[in-house]
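Let's take a walk through this one together. Have a look at the sequence and the model first, and then we'll go piece by piece.

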Amino acid sequence: MDIKLTSKMILEKEFKKNFKGYNVEEVDSFLDEIIQDYETFEKVMAQLREENRQLKEEIENTPKRQPVASVAAAAGTTNFDILKRLSNLEKHVFGSKLYE
């Protein structure tokens with residue numbers, strides 16, 4: 001996917017003139033439109049390349065997510081620990097009424 005032309009190359013392109021050739025003004029006008037399109041194309045490509053670079057950098061700098069089980073294990077808690085804490089909290093909030 002190589003780009004063969006740049007807006008500068010199009011601008012500097014010269015055609016040979018013949019007696020029964022194309023209308024020079026019409027060709028120049030059309031080439032001016034092509035140059036404008038290429039300039040826009042080059043700007044969009046530069047923006048997309050920069051955005052792509054930033055996103056790749058962001059991905060590299062984002063820490064990898066750990067599965068929930070490994071997060072709990074890293075914190076030293078298990079389901080049993082959580083249930084025990086919940087039970088103690090219920091006792092504290094509701095008192096002995098809960099177990100009567």
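How many residues does helix α4 have, and how far does it reach from its first C-alpha to its last? Helix α4 covers residues 79–94, which gives it 16 residues, and it reaches 22 Å from end to end, counted between those C-alphas. That is close to the 22 Å expected at 1.5 Å a residue. Keep in mind as you look that this is a predicted model.

What follows α4? Right after the helix comes Gly95, and its phi is positive, near 70°.

Stay with α4 a little longer and look at its nonpolar side chains. Leu83, Leu86, Leu89, Val93 and Phe94 make a nonpolar patch on the surface, with an area of about 510 Å². Pick out Leu89, which sits in helix α4. Is Leu89 buried, partly exposed or exposed? Its relative accessibility is 49%, so Leu89 counts as partly exposed; the exposed label would need a value over 50%.

Now step back to the whole chain. You'll find four helices and zero strands, so to speak a plain α-α-α-α pattern when you read along the sequence. Of the 100 residues in the chain, buried ones make up 4%. The chain exposes about 10100 Å², and carbon and sulfur atoms supply 57% of that area.

Next stop is helix α2, which runs over residues 24–61. Asp28 lies in this helix, and it belongs to a negative surface patch along with Glu25, Asp32, Glu33 and Asp37. Asp28 has a relative accessibility of 40%, so it counts as partly exposed.

Further along α2 there's some charge pairing to look at. Side chains of opposite charge can pair when their charged atoms come close. How many salt bridges does a search of the whole structure find? The search turns up two. In one of them, the side chain of Arg53 meets that of Glu50, at 2.6 Å from N to O. Both residues lie in helix α2, three residues apart, which is about one turn of the helix. Arg53 is partly exposed, because its relative accessible area is 40%, and Glu50 is partly exposed too, at 34% relative accessibility.

Arg53 has another partner as well: its side chain meets that of Glu57 in a salt bridge of 3.0 Å, again N to O. Why are Glu57 and Arg53 separated by about one helical turn? It's because they are four residues apart in helix α2. Glu57 has a relative accessible area of 40%, so this residue is partly exposed. Put the pairs together and you get one network, in which salt bridges that share partners join Glu50, Arg53 and Glu57.

Conventions
Residues numbered from 1 in each chain as written. Predicted model: local features only at pLDDT ≥ 70, side-chain atom pairs only at ≥ 80, totals over all residues. Heavy atoms only, no water. Patch = residues over 30% accessible without salt bridge, like charges linked within 9 Å, V, L, I, M, F, W, Y side chains within 5 Å. Areas by Shrake-Rupley, 256 points an atom, 1.4 Å probe, with all protein chains shown as cover. Salt bridge = Lys/Arg side-chain N within 4 Å of Asp/Glu carboxyl O. Lys, Arg positive; Asp, Glu negative; His and termini not counted. Charge placed at Lys NZ, Arg CZ, Asp CG, Glu CD. Helix = DSSP H or I, 4+ residues; strand = E, 2+ residues; numbered from the N terminus. Buried < 20%, exposed > 50% of the residue type's maximum accessible area, 1.4 Å probe, protein only. Expected span 1.5 Å × (residues − 1).
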